[in-house]
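Please look over the sequence and the structure shown here before reading on. The paragraphs that follow go from one site to the whole and then back to individual side chains.

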Amino acid sequence: MQAYAKKIRRRVAVLIVLAIAAAGLIAVNMFIPAGAGGDHARGFRAGALTAMIGLAAALSIRYAMALKNSEKLKKLYIEETDERAQMMFQKSGSTGMTFLIGFMLASGCVAGFFNMTVFYTLIALALFTSFVRAAFKLYYMRKY
């Protein structure tokens, strides 16, 4: 369990660095010229980065609480190493889809500087992929 606690501490550190980087990008976003997307794309970037900070903070708090309580840490370990959950994760292609969604959102944010059509297309594709991933997850939850 000590090795798992070390892994969780490392995750918390990465999440904190991610939140700090996102806060820095929000500050930079305010000073960069709006580009082709105007204030709409700038607002989307600010919102996406704010959501990233919120998610990182929520996960950091969850992990920190688990590190302080061995019972919660054990429950988190069991939750992550559950064979049924791992199989559903693999069957639904979650690793690749998660990377793809993140890449499309990041690409959309960059495209917002240059072309709004590409911006909207990438964001729509990311949403569609998210819905497909959720549908696969629900399907495999019911099947297994």
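Which residues does Thr-129 touch, not counting residues up to four places away in sequence? In this predicted model, the residues that Thr-129 touches under that condition are Leu-100, Ile-101 and Met-104. Thr-129 itself belongs to helix H6, which runs over residues 116-143, and with a relative accessible area of 11% it counts as buried, because the cut-off for that class is under 20%.

The setting of this site is a protein built with six helices and zero strands, so that a reader who follows the sequence meets the pattern α-α-α-α-α-α. Measures of the whole chain fill in the outline: the C-alpha trace spans about 50 × 35 × 15 Å along its principal axes, and 26% of the 144 residues count as buried. Among the contacts with a separation of 6 or more, 70% are accounted for by residues that stand 24 or more positions apart. The surface that the protein exposes comes to about 9,700 Å², of which carbon and sulfur atoms supply 71%. As for charge, there are 18 positive and 6 negative side chains, and the centres of these two sets lie 3 Å apart.

Helix H2, which covers residues 38-68, offers two further buried sites, and one of them is Ala-41. The relative accessible area of Ala-41 is 0%, and the residue is therefore classed as buried. Once its neighbours within four places in sequence are left aside, Ala-41 is in contact with Gly-112, Met-116 and Phe-119. Val-17, by contrast, is 24 residues from Ala-41 along the chain, and the C-alpha atoms of the two are separated by 24 Å.

The other site in helix H2 is Ser-60, whose relative accessibility of 12% places it among the buried residues, since that value falls under 20%. Where sequence neighbours up to four places away are not counted, Ser-60 touches Val-12, Leu-15 and Ile-16. These three residues fall within the range of helix H1, residues 2-31, and the contacts of Ser-60 with them therefore join helix H2 to helix H1.

Aromatic side chains give another view of how the parts of the chain meet, and the structure holds five aromatic pairs. How are the rings of Tyr-4 and Tyr-77 placed with respect to each other? Their centres are 5.0 Å apart and their planes stand at 75 degrees, and because an angle over 60 degrees counts as edge-to-face, the pair is assigned to that class. Tyr-4 lies in helix H1 and Tyr-77 in helix H3, residues 70-81, so the pair ties together parts that are 73 residues apart in sequence. The two partners are covered to unlike degrees: Tyr-4, at 7% relative accessibility, counts as buried, whereas Tyr-77, at 35%, counts as partly exposed.

A further aromatic group is the cluster formed by Phe-44, Phe-119 and Tyr-120. Phe-119 links this cluster to the buried site described above, for Phe-119 is also one of the residues in contact with Ala-41. Finally, a charged side chain is set against a ring as well: Arg-45 lies over the face of Phe-113, at 3.9 Å from the ring centre.

Notes: Residues numbered from 1 in each chain as written. Predicted model: local features only at pLDDT ≥ 70, side-chain atom pairs only at ≥ 80, totals over all residues. Heavy atoms only, no water. Helix = DSSP H or I, 4+ residues; strand = E, 2+ residues; numbered from the N terminus. Buried < 20%, exposed > 50% of the residue type's maximum accessible area, 1.4 Å probe, protein only. Contact = heavy atoms within 4.5 Å. Areas by Shrake-Rupley, 256 points an atom, 1.4 Å probe, with all protein chains shown as cover. Lys, Arg positive; Asp, Glu negative; His and termini not counted. Charge placed at Lys NZ, Arg CZ, Asp CG, Glu CD. Phe/Tyr/Trp six-rings, centres within 6.5 Å; stacked < 30°, edge-to-face > 60°. Lys NZ or Arg CZ within 6 Å of the ring centre and 35° of its normal.
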